[in-house]
Amino acid sequence: MSDTLVKSSPETLPADWYWSEDAWQIERREIWAKHWFLIARTQQFDVAGDYVSATFAGYPIFAIKGKDGLVRAFHNACRHRASPLVQECAGHVERLSCPYHRWLYDFEGRLRGAPTMEIDKEEYGLFPIRCEIWRGLVFVSLDLAAMPLSGWLADIATAALRYPLEEMQLAREFTIEADVNWKTYGDNYAEAWHIPTIHPGLNAAIDMASYKIATVGHTLQSHMADARDGGKTDGFWVWRLPGLFFNMYNWGMNVAQLEPLGPRRMKLTYRYFVKDLDPTKQAERDALIDWAYMVAKEDIDICIAVQRNLETGIYERGRLSSVHENGVIQFQEMVASAHR
Ligand code: FES
Ligand SMILES: [Fe+2]
């Protein structure tokens, strides 16, 4: 194969990276553990003891509001014999007491009680992780040396300036889980070539001739398209790699976080925000969100089908079009650099 051809139509990532445990271990350590992850909205933390938990890069974690009003995040693992401390996705505790043998922690993660043991409690606080807030959204990072969230989000912050997120209202929040490697989803998000084939409704709404994808290093990808005359929506989609998506429309926005759950499974959390929750526009709003959900589901369905084929062993590597798949090329280069 000549270099020119490789350059103009690079090979895809190897299929086994989409299901092997080895690839997942590299990516959780070298990609996911080094970035920020959207875990919750600040409104989910009303009073001290309110918490939200998640599995991030294979690590069970939780964030909890302290008596001082700050939200902090920790690994969800007791320092006695490693039981999870909180069990639900979200909830409230009066005391942070381990359900296994009742070690007791305060909301700042300090060990306060270890029945029958005389140990130095200062040495057995919960393992902290980074937790920062941006425009009403709570992010965590496993990397204690990670760049501040504001720097990590710098490009997206500029792109999203005209969307007043703090003033917008949450209209709907839901999750989708699927037997799909997170990169199968990423590859799909990174190109619009499939819109006419997979999304007839979206294709009828936006003007595909205006569709553009711009990439920034290994960090950001933005897609934009105008509405067709009389079309349902325009679109401005910004992806902060590896897994945070700001999908902005003339009627509102959807902030989505991708969460890999292992080599063959992923979860997406969608949060739809609108400019106002006027009850007289409820039906119109529901119809738009239902419609956006249908488009999201079309993506998931094709990803599930692709994932099955990636796992059969018949397909090893394909080729990418530098005309239509510049976003896929950027995304796969980011992944490949983590494997080097
Ligand atoms: S594991 Fe938490 S108290 Fe034993
Ligand atoms: Fe799509």
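How are the donor residues of the iron ion, ligand 2, spaced in sequence? The pattern is H-x4-H-x99-D. Before going further, please note that this is a predicted model.

Let me start with the metal site. The iron ion (ligand 2) is coordinated by the NE2 atom of His 194, the NE2 atom of His 199, and Asp 299, which is listed twice through OD. These contacts run from 2.0 to 2.7 Å. The angles among the four donor atoms go from 53 to 151°, and the site is irregular. A set of four donors counts as tetrahedral if all angles lie between 85 and 135 degrees, so with angles of 53 to 151° this site does not qualify. For reference, the ideal angle for four tetrahedral donors is 109.5 degrees.

Are the two histidines buried or exposed? His 194 has 10% relative accessibility and counts as buried. His 199 is buried too, with a relative accessible area of 1%. The cut-off here is under 20% for buried.

Now to the salt bridges. The count comes to 18. I will go through three of them.

The first on my list is Glu 108 with Arg 110. Their side chains meet at 3.0 Å, N to O. Glu 108 is partly exposed, at 24% relative accessible area, and Arg 110 is partly exposed as well, at 43%. This pair also belongs to a network of salt bridges that links Asp 68, Arg 72, Asp 106, Glu 108, Arg 110 and Arg 112.

Next, Arg 172 and Asp 290. Their side chains form a salt bridge at 2.9 Å, N to O. Arg 172 sits in strand E11, residues 169–178, while Asp 290 sits in helix H8, residues 282–310, so this pair ties together parts that are 118 residues apart in sequence. Arg 172 counts as partly exposed at 24% relative accessibility, and Asp 290 counts as partly exposed at 41%.

My last pair is Glu 311 and Arg 264, whose side chains meet in a salt bridge at 3.0 Å, N to O. Where do these residues lie? Glu 311 is in the loop between H8 and helix H9 (326–339), and Arg 264 is in the loop between strand E16 (252–262) and strand E17 (265–274), so the pair ties together parts that are 47 residues apart in sequence. Glu 311 is partly exposed, at 30% relative accessibility. Arg 264 is partly exposed, at 40%.

That is what I have for today.

Conventions
Residues numbered from 1 in each chain as written. Chains lettered and ligands numbered in written order. Predicted model: local features only at pLDDT ≥ 70, side-chain atom pairs only at ≥ 80, totals over all residues. Heavy atoms only, no water. Donors = N, O, S within 2.8 Å, 3.2 Å for Na, K, Ca; no water. Tetrahedral: all angles 85-135°; square planar, octahedral: opposite > 155°, others 65-115°. Buried < 20%, exposed > 50% of the residue type's maximum accessible area, 1.4 Å probe, protein only. Salt bridge = Lys/Arg side-chain N within 4 Å of Asp/Glu carboxyl O. Helix = DSSP H or I, 4+ residues; strand = E, 2+ residues; numbered from the N terminus.
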